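Let's take a walk through a protein model together, stopping at a few places where rings, backbone angles and sulfur atoms are worth a closer look. Have your viewer ready.

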Amino acid sequence: LDGPDRATGTKKQHVELLTDSLQLTANKPQDVELRFRVDPGFHINSHKPKDELLIPTELQLDSGALHIANQQYPPGSHFRLQVGNGEDLDVYQGEFRVALRIAAPRGDTTLSGTLHYQACDNAACFPPRTLPVKIAVTAK
C-alpha cells in the first residue's frame with residue numbers, strides 16, 4: 001500500500017510543496033506564504049493536534065542568508081475519524097499555507113528545509129514523513 005509509485009519509482013509523500021519560487025524586494029521584511037497540498041482522500045495533523053500523542057505538522061527552515069522573523073501555521077479543520085471511537089481531529093486537508101515574514105539579501109538564494117508530518121486516510125496512518133523544501137528566492 002505504501003510502496004513505490006509505479007509511475008515515478010518514488011514513495012508516495014501524500015503532501016506536495018506548491019511554492020517553487022519567491023520574488024522579494026531586497027533587504028525588506030515581507031510576508032510570504034508557502035503553499036502545500038495534501039493528496040485527496042488524505043489528511044495530516046495540524047501544527048497543534050488535539051492529542052499530544054499525534055505528530056504535529058512542522059516546518060523546519062534553514063535560513064542561511066535569509067532572515068526569517070516568524071512562522072504562522074493556519075488553524076486546522078475539524079475532522080471526525082470514521083473508525084474506532086470516531087475521534088475528533090484537527091487536520092489539514094487539501095491546500096494549506098504557512099506564512100513567513102522574510103527578508104532576503106539582493107540576488108538569488110535558496111530557502112531550504114523540511115516539512116515533517118504524518119499522513120492518514122480514513123482507515124490508517126502512514127509512517128511519519130519528511131518532505132524536502134527547496135524554494136528559489138530572488139530579491140531585487
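The paragraphs below go from aromatic rings to backbone angles and then to a sulfur link. Please keep in mind that this is a predicted model.

Let's begin with the rings. The structure holds three aromatic pairs. One of them joins Phe36 and Phe96, whose ring centres are 5.4 Å apart with 20° between the planes, and this pair is stacked. Because Phe36 belongs to strand S3 (residues 30–38) and Phe96 to strand S9 (residues 95–103), their contact ties together parts that are 60 residues apart in sequence. Stay with Phe96 for a moment, since its ring also pairs with that of Tyr92: the centres are 4.5 Å apart and the planes meet at 15°, so this pair is stacked as well. Put together, Phe36, Tyr92 and Phe96 make up one aromatic cluster.

Are the rings of this cluster buried or exposed? Phe36 has a relative accessibility of 0%, so it counts as buried. Phe96 has a relative accessible area of 4%, which is under the 20% cut-off, so Phe96 is buried too. Tyr92 is likewise buried.

Now turn to the backbone. Most residues other than glycine have a negative phi, so a positive value is a good reason to pause. His14 is one such case: it is not a glycine, yet its phi is about 70°. You will find His14 in the segment before strand S1 (15–17). With a relative accessible area of 5%, His14 is buried.

Asn27 is another residue with a positive phi, here near 60°, and it is not a glycine either. Look for Asn27 in the loop between strand S2 (21–24) and S3. At 58% relative accessibility, Asn27 is over the 50% cut-off and therefore counts as exposed. So the two residues have contrasting surroundings: His14 is buried, whereas Asn27 is exposed.

The last stop is a covalent one. A disulfide is a covalent bond between the sulfur atoms of two cysteines. How many disulfides does the structure hold? It holds one, formed by Cys120 and Cys125 with their sulfur atoms 2.0 Å apart. The angle about the S-S bond is 100°, and the link of Cys120 and Cys125 is right-handed. As for exposure, Cys120 counts as buried because its relative accessibility is 3%. Cys125, at 47%, counts as partly exposed, a value that falls between the 20% and 50% cut-offs.

Definitions and conventions. Residues numbered from 1 in each chain as written. Predicted model: local features only at pLDDT ≥ 70, side-chain atom pairs only at ≥ 80, totals over all residues. Heavy atoms only, no water. Phe/Tyr/Trp six-rings, centres within 6.5 Å; stacked < 30°, edge-to-face > 60°. Helix = DSSP H or I, 4+ residues; strand = E, 2+ residues; numbered from the N terminus. Buried < 20%, exposed > 50% of the residue type's maximum accessible area, 1.4 Å probe, protein only. Disulfide = S-S within 2.5 Å.
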